[in-house]
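Q: I am new to this structure. Please take a close look at a single part of it, then go on from there to other local details.

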Amino acid sequence: MKAYVGAIDQGTTSTRFIVFDRAGRIVASAQREHQQIYPRPGWVEHDPEEIWRCTQQVIADAMRTGGFRASELVAIGITNQRETTIVWERRTGAPVYNAIVWQDTRVADAVAELEREGGADRFRQKTGLPLATYFSALKIRWILDNVSGAREEAAAGELLFGNVDTFLLWRLTGGAAGGMHVTDVTNASRTQLMNLESLAWDREMLAICGIPEAIMPRIASSSEIFGSAQLAAIKDVPIAGILGDQQAALVGQTCFEPGEAKNTYGTGSFLLMNTGERPVASKFGLLTTVAYRFGEQAARYALEGSIAITGALVQWLRDNLGILQQSADIEALAATVPDNGGVYFVPAFSGLYAPYWKTSARGVIAGLTRHSNKSHIARAALEATAFQTREVLEAMEKDSHIPLAVLRTDGGMVENNLLMQFQADVLNIPVVRPVVQETTAQGAAYAAGLATGFYPDLKDLRANWAVDCTWEPRMDEKTREDLFRSWKKAVARSFDWVE
């Protein structure tokens with residue numbers, strides 16, 4: 001009897017395959033990290049072939065350790081790091097260049113040129129997005145302009161573009177021998193090439209960015225049967241869900257009503273609020289994006305506050321400064337001091353995203369004295385995540401006119417109790433962690449399960465959600481506002497570092 005759904009969770013630093021039962025509980029999982037490639041300052045790349053190898057390995061590992069046969073899986077969903085851009089050959093499947101990661105800033109000059117012609121918000125009405133290095137469109141253009149022969153091959157229909165979801169779906173369903181070249185509305189909405197109203201590729205945007213429509217995947221809903229897997233471990237299992245990682249977490253947290261919101265603490269942090277069936281234009285530095293679309297139902301939209309560097313800052317302290325042996329060590333180190341000692345860390349390594357959208361900002365550590373030590377820096381790094389989240393949440397409340405009563409959280413950093421308590425303190429609202437914290441993978445599994453009837457409706461999904469822990473605010477008002485005022489001062493110091 002088919003009793004499980006699977007999810008491929010392809011993230012910025014690793015790939016996982018997780019198998020869930022009908023109650024949304026994890027019954028098997030496997031994970032593998034992949035290499036981060038930094039060819040130049042500001043450039044961030046991944047090897048698509050390594051990602052594909054990791055995907056195959058984690059699927060095989062989880063199926064083997066769980067003792068599952070492919071026939072026991074009713075469907076598989078895909079969730080992925082968004083905006084990361086891959087262009088590959090239609091006939092061979094070979095990538096023409098490494099994947100250009102969402103954090104990459106190499107197209108900053110192109111962003112500035114387009115801003116000079118029409119302002120940073122010139123495409124917001126159509127796409128919901130400001131001009132920034134973050135999105136896929138200018139990354140595609142960079143590949144076509146800088147890889148020898150790529151533009152000519154693209155014009156001839158010999159190349160394909162996809163974010164990671166599309167690349168994996170194409171490979172999983174047969175690749176050059178008939179693989180499906182499809183994306184879903186959530187990932188398409190992050191390219192800056194999809195019209196938010198029509199949910200179709202916008203030909204004017206394609207023309208402005210110099211991208212042939214022939215290389216673009218078909219845009220589908222987030223929950224439908226796209227094709228069948230051809231890998232031996234999951235042979236003939238339907239691939240039936242695709243959601244960008246942050247939208248997947250929104251679904252996994254069952255935020256199906258307007259005003260419900262979640263924050264995912266991963267490599268970056270992403271606060272999304274469901275705004276219903278109409279896109280809400282942001283006036284306060286947020287993104288308007290597609291939240292999900294299930295089958296033939298109307299699309300649901302969201303406001304999103306994207307923060308580029310949160311968990312990645314902990315990795316940086318580990319790998320670049322060497323003050324941590326493991327990322328998990330940061331909580332104990334930060335807890336050895338009672339406060340930040342006046343130290344603030346603004347991790348604008350690839351500029352600042354919401355609500356500022358300043359590509360020219362760079363990282364700053366402010367407030368250092370002879371009293372400062374590595375514990376203060378560790379604490380400041382954690383606090384930076386909470387302060388950035390407050391800035392985004394305040395912008396979201398202004399745009400949506402909905403005060404947030406509680407923040408649902410997920411992602412790797414929610415295991416850090418010190419951070420979660422500080423988050424509740426600086427927001428002055430409760431912070432909640434669910435029992436199942438792998439909500440990104442869970443959301444992709446839910447989408448696949450809905451498409452195949454494994455889950456009859458959204459009520460079944462809501463019934464699976466349960467609270468694991470709640471942190472109540474306990475900081476006094478004066479301390480909270482003094483800390484936040486100093487944070488804002490430090491952020492201002494990071495502006496316009498790159499001229």
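A: What follows sets out the whole chain, then a helix, then some single residues and ring pairs.

This is a predicted model, in which local features need pLDDT of at least 70 and side-chain atom pairs count only at pLDDT 80 or more, while totals for chains, interfaces and linings use all residues. Residues are numbered from 1 along each chain as its sequence is written, and side-chain values use heavy atoms, leaving out hydrogens and water.

First, the setting. The protein chain has 16 helices and 23 strands. Helices (H or I, at least four residues) and strands (E, at least two) are DSSP runs, numbered from the N terminus. Along the principal axes, the C-alpha atoms fill a box of roughly 65 × 55 × 45 Å. The radius of gyration is taken over C-alpha atoms, and the globule rule is 2.2 Å times the number of residues to the power 0.38. For 499 residues, a compact globule would have a value near 23 Å; the protein chain has 22 Å, which agrees.

Of the 499 residues, 61% count as buried. Buried means under 20% relative accessible area, exposed over 50%, and partly exposed in between, with a 1.4 Å probe and protein chains only. A contact means heavy atoms within 4.5 Å. Among contacts with a separation of 6 or more, 71% come from residues 24 or more positions apart.

Now the close look: helix 4, residues 137-146. Is this helix enclosed by the rest of the structure or not? Eight of its ten residues are buried, so helix 4 is largely enclosed. The buried ones are A137, L138, K139, I140, R141, W142, I143 and L144. Their cover includes three strands: strand 6 (85-89), strand 7 (99-100) and strand 8 (159-163). The cover also includes helix 2 (108-118), helix 5 (150-155) and helix 8 (203-209).

Further along the chain comes helix 6, residues 164-172. Nine of its nine residues are buried. They include the charged-type names D165 and R171, along with F167 and W170. Just after helix 6, G174 takes a positive phi of about 130°.

Other backbone details deserve a look. Most residues other than glycine have a negative phi, and most peptide bonds are trans. Q192 has a positive phi near 70°. Q192 lies in the loop between helix 7 (185-188) and strand 10. At 4% relative accessibility, Q192 counts as buried. T254 also has a positive phi, near 55°. T254 sits in the loop between helix 9 (245-252) and strand 15 (261-265). T254 is buried, with a relative accessible area of 5%. A cis peptide bond joins A354 and P355, with omega about -5°. P355 is in the loop between strand 19 and strand 20 (364-366).

Next, two buried residues and their neighbours. L196 is in the loop between strand 10 (194-195) and strand 11 (200-201). Its relative accessibility is 3%, so L196 counts as buried. Leaving aside residues up to four places away in sequence, L196 touches K126, T127, G128, S189, P279, T288, V290 and Y301. S375 belongs to helix 12 (residues 374-400). At 8% relative accessibility, S375 is buried too. S375 touches L333, A334, T336 and V337, again not counting residues up to four places away in sequence.

Last, the rings. A search of the whole structure finds 26 aromatic pairs. Rings of Phe, Tyr and Trp (its six-membered ring) pair if their centres lie within 6.5 Å; planes under 30 degrees apart count as stacked, over 60 as edge-to-face and the rest as tilted. Y4 and F68 form a tilted pair, 4.7 Å centre to centre with 55° between the planes. This pair links distant parts of the chain: Y4 is in strand 1 (residues 4-10), and F68 is 64 residues away, in the loop between helix 1 (48-66) and strand 5 (73-80). F68 counts as buried, at 13% relative accessibility. W316 and F345 form an edge-to-face pair, 5.9 Å centre to centre with 85° between the planes. W316 lies in helix 10 (residues 311-321) and F345 in strand 19 (residues 344-346), so the pair ties together parts that are 29 residues apart in sequence. W316 counts as partly exposed at 24% relative accessibility, whereas F345 counts as buried at 2%. Ring pairs also link W102, Y134, F135, F270, Y353 and W357 into a cluster.
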